[in-house]
Amino acid sequence: MAPVLQSIVVLLSLVSPSICVSLPTPESTEVSHHPRHAPHFSDDRPIGVFRRLRNAVIEKIWSLPPKSSHPPSSVHLSNAPQHFRTRYGNDVVLRFRIRSADEAKTLADAAAILLLDVWEGTDEWVDIRVAKDMLPSLMGLLPSSLHDSYTPLMHDLAQAVFDTYPTSSSTSEHDQAWVSPVPTHSWKSTSGPPQDLFFHDYQPLSVLYPWLRLIASLFPTHAELISIGKSAEGRDIPALRIGTQKDYIPQGDHDSRQTLVISGGSHAREWISVSTTSYIAYSLVTRYGHRYPHVTKLLDHFDLVFIPALNPDGYEYTWTTDRLWRKNRQSTDIPFCPGIDIDRSFDFGWDGHTGRDNACSDDYAGTGPLGAVEARILSDWARNQTENNNVTFVAYLDLHSYSQEVLYPYSYTCDVQPPNLEDLEEVAIGLAKSFRLTNGHYYGVESACEGSITFKDKATSKRMQGEQGGSALDFFYHDLQTKFAYQIKLRDTGTYGFLLPRSHIVPTGEEAYEAVLGLGRWLLGNHGIEKFDDLNEVWGTEEAGMKDQEQGIVSQDPVDVYDKEDEDIDPPSFELRRRRRR
């Protein structure tokens, strides 16, 4: 399609009344049985002239059949307030089954043309959020083989969005949010989930920042709150440094501060990554002492830096305006399309081309490397640590959602293998094992380039690879020579997607904490600090019938998607795939 025509379509698709929003006002009279602290949006309006013109242009250019004017045969009544139904009630999330590289490419092209919100994808399926009135336009761009290859993941998106916000009653209890930890579960950590009210709900910045200050003030001997810099809108980006080496004196063979970095919230709508980063930090800082020898030994020999909300502006925007916002909030060349994808903005492997040069895209990588303010801040802070503060980054975990995967470098290409591939795979399998043993949720293990929205034809080995460069994962691994760098995609596998209910906060945090503790034990052994005769002492012991075979990689079957609410157990079916030796 000619660039001019595509620009017209993009412009017309954006000047739609449906995107108008307003902040909460005292005049709002909407009442719910469970009032929540959530944004208020403008009332619904009939389709205006711009949207009709946009639809007509799309139908004309691609010879699409006109949309039916008949109302739907049945209407699902949502319990969500009117402003939620107005903004999200017309949207659906569809899972497309991908059977060939041609289907994958066609679907990717259609999503780019129509500026659709691609939630997640693998080489077998892709989840896309689309307005119901855009479905005919989407179907017209797809081959007939895809017309019946999708299923809806959410029947009520507005309700799912609404349910992620805290209730008023639970939020009012946060003045009493500190409760001391209690003992845990099974095999190694010997303690259960922390009972802090902070983890009963997802928390906005107005609660998160004071909570971080509270943690640092309560544990001054091994916790310190720092700021790595300012966001595009001038907000602090806080980090909690945990460890006992405040006045570091070089010891033995390691003459630098061995440091692990764990970050979350680079994509604003992935709230579970913010709460999980906070949960891991809380679990470690409150368990330092003789009762928890593995935690104590870890904090005595390593620093851990936790960055819960790398994208504070975008995260705040999801609380006040749009729950499903992804990027940061800095200005771009198009005034009505702000935001850059932080995790596509780092300098190593940056590839801001094709669809990602469109500022209106959710994957917009900026006009050049480090175009996102927050990516530049993290990059500058990390380089300063290594060059001026005697720090060596030994591990980096970048928490995201969703799809339950442990991904290792590289993200920018599958054509280049990391030098320590076998070590990366070994530790990744261990991390996935710790996740699995904690609550029974299966995490797949693969290269980040394969874990993104790609398709690999297993018969011909033909690969279609999407845009994946500029990730924090590749930056830490390649530029900072962090030997063990991973991107971890947390729960779930599509039942709720980015809208994971708050009942999953503690279980997800608990299994991630166990994985980090396993990584800590592995690093202690790898550095000669601790001796383990059996890897089961590091990652945990398999139950009968669940042992890995020939160092297999456990991968959850993504086909089964439950509609049942509050389902906490993943489908039991899984496959064992032999480790790749490339």
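**Strands, helices and how they get their labels**

Reader: What makes S6 and S8 a pair, and in which sense do they run?
Author: In this predicted model, strand S6 (residues 236-242) and strand S8 (residues 303-307) are joined by 3 bridges and run antiparallel. A pair needs at least two bridges, so with 3 bridges S6 and S8 qualify. One of those links has Leu240 facing its bridge partner Phe306 in S8.

Reader: What sheet do these strands belong to, and what is its pairing?
Author: An open sheet of 8 strands, in the order S5-S6-S8-S7-S9-S14-S10-S11, with mixed pairing.

Reader: How do you know which strands stand at the edges?
Author: Count partners. Strand S5 (223-230) and strand S11 (444-447) each have a single partner strand, so one side of each has no neighbour in the sheet. As for twist, neighbouring strands are turned by 20 degrees against each other on average, direction ignored.

Reader: How do you know that H13 packs on this sheet?
Author: By what H13 touches: S10, S11 and S14. The direction of H13 makes about 35 degrees with that of S14.

Reader: What shows the mixed pairing around S14?
Author: Look at S14 from both sides. Strand S9 (residues 391-401) pairs with S14 in the parallel sense over 7 bridges, and Ser401 has Leu490 as its bridge partner in S14. Strand S10 (residues 405-408) pairs with S14 in the antiparallel sense over 3 bridges; there, Leu407 has Gln487 as its bridge partner.

Reader: Why is S14 called largely enclosed?
Author: Buried means under 20% relative accessible area. In strand S14 (residues 484-490), 7 of the 7 residues are buried, so the rest of the structure largely encloses it. Both faces count: Phe484, Tyr486, Ile488 and Leu490 point one way, Ala485, Gln487 and Lys489 the other, and all are buried. For the chain, buried residues make up 58% of the 582 residues.

Reader: Why is H13 called oblique to H16?
Author: The axes of helix H13 (residues 421-439) and helix H16 (residues 505-526) come within 8 Å and cross at roughly 140 degrees. Roughly antiparallel would take an angle over 145, and roughly perpendicular spans 65 to 115. The crossing fits neither, so H13 is oblique to H16. H13 passes H16 in a right-handed crossing. On the H13 side the contact includes Leu431 and Phe435, and on the H16 side Leu519 and Trp522 are among the residues. By class, the residues of this contact divide into 8 nonpolar, 3 polar and 4 charged.

Reader: And what makes H12 roughly parallel to H15?
Author: The axes of helix H12 (residues 373-388) and helix H15 (residues 472-479) cross at roughly 20 degrees and come within 12 Å. Roughly parallel takes an angle under 35 degrees, so H12 gets that label against H15. The crossing of H12 past H15 is right-handed. Leu378, Ser379, Ala382 and Arg383 of H12 meet Phe475, Phe476 and Asp479 of H15. That contact has 4 nonpolar, 1 polar and 2 charged residues.

Reader: Which residues of H10 are buried, and what covers them?
Author: In helix H10 (residues 293-301), the buried residues are His294, Val295, Thr296, Leu298 and Leu299. Their cover includes S6, helix H9 (271-286), S8 and H16.

Reader: How many helices and strands does the chain have, and what share of its contacts is between residues 24 or more positions apart?
Author: There are 17 helices and 16 strands. Of the contacts with a separation of 6 or more, 77% join residues 24 or more positions apart.

Definitions and conventions: Residues are numbered from 1 along each chain as its sequence is written. This is a predicted model: local features need pLDDT of at least 70, side-chain atom pairs count only at pLDDT 80 or more; totals for chains, interfaces and linings use all residues. Side-chain values use heavy atoms; hydrogens and water are left out. Buried means under 20% relative accessible area, exposed over 50%, partly exposed in between (1.4 Å probe, protein chains only). Helices (H or I, at least four residues) and strands (E, at least two) are DSSP runs, numbered from the N terminus. Axes are lines fitted to C-alpha atoms, for helices over the stretch in contact, and angles run from 0 to 180 degrees between N-to-C directions. A crossing is left-handed if the near helix is turned anticlockwise from the far one by less than a right angle, and right-handed if clockwise. Contact means heavy atoms within 4.5 Å. Ala, Val, Leu, Ile, Met, Phe, Trp, Tyr, Cys and Pro count as nonpolar, Asp, Glu, Lys and Arg as charged, and the others, Gly among them, as polar.
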